[in-house]
Amino acid sequence: MKVGTRIKYVVMATAVVTFLSRNPSTAFVQHSRASVATVSKGSTFLRESDNDNNNNNNNNNQNEAERLRAQAEALREQIRKMEKDLPQDRRRPQPPAESTTASRSKPPTSLLDNRRVLVVGANGRLGSMVCRYLLRQHPELKEVIACVHVVGENSDTSRGYGRLSYEVGAEDGIGSIGPAWSSSDERTASFEFNVETMTDYNLQKLRVVECELLDPVQCNSIVEDSQADVVVWCATDFNGNRPRAVSGLNIAFLFRAVSDPTKGRVEVEGLQNMLGAIKNVRQDALRRDRLFGNNVDDTGSAVSTTTASSAVATKPVDVLLVSIAPDALEDFETPFGTFLDQKRQGEEMIPNDFPSLSFTTLQFARYEDNFVGEDLELNFETVDKKSNPDESNSRSKNVRRINRRDAARAVGKALTSPELQGKIVQVWTDELK
């Protein structure tokens, strides 16, 4: 480019700048406004794009929600169809909905409502019948804990669960057993729950535990673990009025008695261990309540001292002791004392050594299951604690008897009768003159 031309362009550029500085060009202003408008339109476009994205996300969420609702409804329809295809007796009944306040204010049906009962000696003839009666006649119970004597397969003193299993109806199910020439696993008999016959047995409320009553540690563990509200004592070392080792010629029991004569007696030391365990568990519970400042009722709700003291009459006894009437059987001499002497020691132990425990003692007449019928009227007679047993024997020459099934019914009645608390009561149904 020539020098003159370059100077010419510089002069023209200078003139243009000078002109624009004095009089801004309309075209320039319009271009600036157009640029601003373009920026504004760009911002508007971005905002519209964001709104479109949000709308798309909302639509996607709504579609996902609709899809999940459709799946849920399809599952409900499938469940309704499956329930419709089930047999009528397999359907689970739906209880009416109750509010928490209404359920708490609902009055108890009996003293055993929502209680746990520990039956000691549950595999015996009377103990097994007591378990059966409580399960079938008191469905309001929360649980029945059947305490049996060491039932391991390798135990020499074990008699298994046979009697208890039979009485509670566990063998009424659909049984199966393999042929004798099959393997040991296939030969093992099994029973399946039969809905048609076993629904009212309430076996789901039965729990079986093992315990050596002459071991205080085991007794304490059983009471603490079971959280029992009531203990029904049916355990005994006697078959009738004779020790089981003598009456049944049981070598295992005889060996135990000879090898360890200081081990104790179930009627005395065994009962003492169980009562001590109950006392310890009760005291620990009271100590915890006092530590945390709680004064609670049976439902766990805080109550006043007046309410707590009045609640004593509305709860079952701590211990129900099953014993024998003084004139039911003849006395029998043992190395540890006579038969009747051991029974009386156990009866006197509760009020004398454990006064904090409430109790009822039932002295049953002679057990007779063959010649005395069932479902007879129960007769209760309170024993005067100050009377002499010899005077009680001379009051009548009549022979009183009772069927063990009625004895089990008497146990259930005593548990629900507050007027029998703290008393020794003789029970019979049949009397021969």
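## Briefing: sheet, cores and side-chain pairs

Phe 238 and Phe 339 are both buried. Their rings have centres 4.9 Å apart and planes at 70 degrees, so this pair is edge-to-face. It also links distant parts of the chain, with Phe 238 in strand β7 (residues 238-239) and Phe 339 in helix α13, 101 residues apart. Keep in mind that this is a predicted model. Helix α13 comes back below, since it lies across β9, β12 and β16, strands that belong to an open sheet of 8.

**The sheet**

- The strand order is β5-β2-β1-β6-β9-β12-β16-β14, and the pairing is mixed.
- At the edges stand β5 (206-210) and β14 (379-382); each has a single partner strand, so one side of each is left without a neighbour in the sheet.
- On average, neighbouring strands here are turned by 25 degrees against each other, direction ignored.
- Strands β6 (residues 230-233) and β9 (residues 319-324) run parallel and are joined by 3 bridges.
- Across from Val 232 you'll find Leu 320 in β9.
- Helix α13 (residues 339-353) runs at about 160 degrees to β9 while lying across β9, β12 (359-364) and β16 (424-428).

**Strand β16 and its two partners**

- On one side, β16 pairs with β12 in the parallel sense, over 4 bridges.
- Within that pairing, Phe 364 has Val 427 of β16 as its bridge partner.
- With β14, the pairing of β16 is antiparallel, again over 4 bridges.
- Here Asn 379 is matched with Trp 428 of β16 as its bridge partner.
- How much of β16 is buried? 5 of its 5 residues are, so the strand counts as mostly covered.
- As a rule, side chains in a regular strand alternate between the two faces of the sheet.
- In β16, Ile 424, Gln 426 and Trp 428 point one way, Val 425 and Val 427 point the other way, and all are buried.

**Nonpolar cores**

- The largest nonpolar core has 35 residues, and the ones touching the most other members are Val 119, Val 232 and Phe 364.
- Setting aside neighbours within four places in sequence, Val 119 has contacts that include Val 130, Leu 134, Val 144, Ile 145 and Val 232.
- Gly 127, Cys 131, Ala 146, Cys 147 and Cys 234 are also among the contacts of Val 119.
- There is a second, separate core of 29 residues, with Ala 228, Val 231, Leu 271 and Ile 278 among its members.
- Two of the well-connected core residues tie back to the sheet: Val 232 stands opposite Leu 320, and Phe 364 is the bridge partner of Val 427.

**Aromatic pairs**

- How many aromatic pairs does the structure hold? There are 2.
- One is the edge-to-face pair of Phe 238 and Phe 339 from the opening.
- The other joins Phe 364 and Tyr 367 and is tilted, at 6.0 Å centre to centre with 40 degrees between the planes.
- Phe 364 has 0% relative accessibility and counts as buried, whereas Tyr 367 is partly exposed with a relative accessible area of 21%.

**Salt bridges**

- Searching the whole structure turns up 21 salt bridges.
- Glu 64 and Arg 67 make one of them, with their closest N and O atoms 2.4 Å apart.
- Both Glu 64 and Arg 67 sit in helix α2 (residues 26-85), 3 residues apart, which is about one turn of the helix.
- Buried or partly exposed? Glu 64 is partly exposed, with a relative accessible area of 35%, and Arg 67 counts as partly exposed too, at 39% relative accessibility.
- Helix α13 has a pair with this spacing as well: Arg 344 and Glu 347 are 3 residues apart, about one turn of the helix.
- For Arg 344 and Glu 347 the closest N and O atoms are 2.7 Å apart, and both residues are buried.
- The side chains of Arg 405 and Glu 374 also meet in a salt bridge, at 3.7 Å from N to O.
- Arg 405 lies in helix α15 (residues 404-415) and Glu 374 in the loop between β13 (366-367) and β14, so this pair ties together parts 31 residues apart in sequence.
- Arg 405 counts as partly exposed at 25% relative accessibility, as does Glu 374 at 42%.
- Finally, Glu 73, Arg 76, Glu 77 and Arg 80 are joined into one network by salt bridges that share partners.

How values were computed:
Residues numbered from 1 in each chain as written. Predicted model: local features only at pLDDT ≥ 70, side-chain atom pairs only at ≥ 80, totals over all residues. Heavy atoms only, no water. Pairing = 2+ DSSP bridges. Axes fitted to C-alpha atoms, helices over the stretch in contact; angles between N-to-C directions. Contact = heavy atoms within 4.5 Å. Buried < 20%, exposed > 50% of the residue type's maximum accessible area, 1.4 Å probe, protein only. Salt bridge = Lys/Arg side-chain N within 4 Å of Asp/Glu carboxyl O. Core = buried A, V, L, I, M, F, W, Y, C linked by side-chain atoms within 4.5 Å. Phe/Tyr/Trp six-rings, centres within 6.5 Å; stacked < 30°, edge-to-face > 60°.
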